[in-house]
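Hi,

Here is the structure I promised you. Have a look at it first, and then read my notes below.

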Amino acid sequence: MTTASVLVFVGGGAGAVVRELLVLALGRYSAAFPVDIFAANMLASFLLGLVFGLHQVRRTSDNVALLISTGFCGGMSTFSTFAFGAYSEMASPGEFGLSLLYVIASLVMGYGVTLLGLQTAAQFRRA
């Protein structure tokens, strides 16, 4: 239990730092669309699919999978900021369509990049 908690703590901290770096790097492009949080969530979704897929074929240990999936990806992605971003766009006059696009794009592309991560991991099964 202690090892698992430490792995999640370390991974979560690293993921949160990467998310903040993405926000700092992409924030200037996020005036009309929350590109920074969208990018963080898409990257985390891909990594989660990749790590889960690699763990299924035993290419990663339980500890590495826990560190990256629950810790790093959990720290980097953020549902609360996603939900707040969608709300903020929706609350702005004339931005309902953009908010709806953000929600749909996040869900559809999040599913797609997770699937891409799983398919990338499946390539290691054949190797």
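What caught my eye first was a nonpolar patch on the surface, made up of M90, F96, L100, I104, L107, V108 and M109, which together have about 670 Å² of accessible area. Keep in mind that this is a predicted model. Most of the patch comes from helix α5, residues 96-126, which supplies six of its residues. L100 sits in that helix, and its relative accessible area is 39%. Since buried would need a value under 20% and exposed one over 50%, L100 counts as partly exposed.

Now for the fold as a whole. The protein chain has five helices and zero strands, so from the N terminus you just read α-α-α-α-α. Its C-alpha trace spans about 50 × 35 × 25 Å along the principal axes. Of the 127 residues, 34% count as buried. If you take the contacts between residues at least 6 apart in sequence, 71% of them join residues at least 24 apart.

On the surface side, the chain has about 7500 Å² of accessible area, and carbon and sulfur atoms account for 72% of that. As for charges, there are 6 positive and 5 negative side chains, with the centres of the two sets 20 Å apart.

One backbone detail to check when you have it open: R58 has a positive phi, near 60 degrees, although this residue is not a glycine. You will find R58 in the loop between α2 (35-56) and α3 (62-76). With 55% relative accessibility, R58 counts as exposed.

Cheers

Technical notes: Residues are numbered from 1 along each chain as its sequence is written. This is a predicted model: local features need pLDDT of at least 70, side-chain atom pairs count only at pLDDT 80 or more; totals for chains, interfaces and linings use all residues. Side-chain values use heavy atoms; hydrogens and water are left out. Patches are made of residues with over 30% relative accessible area and no salt bridge: like charges are joined within 9 Å, nonpolar side chains (Val, Leu, Ile, Met, Phe, Trp, Tyr) within 5 Å. Accessible areas come from the Shrake-Rupley method with a 1.4 Å probe; for residues, only the protein chains shown count as cover. A salt bridge is a side-chain nitrogen of Lys or Arg within 4 Å of a carboxyl oxygen of Asp or Glu. Helices (H or I, at least four residues) and strands (E, at least two) are DSSP runs, numbered from the N terminus. Buried means under 20% relative accessible area, exposed over 50%, partly exposed in between (1.4 Å probe, protein chains only). Contact means heavy atoms within 4.5 Å. Lys and Arg count as positive and Asp and Glu as negative; His and the chain ends are not counted. The place of a charge is taken as NZ of Lys, CZ of Arg, CG of Asp or CD of Glu.
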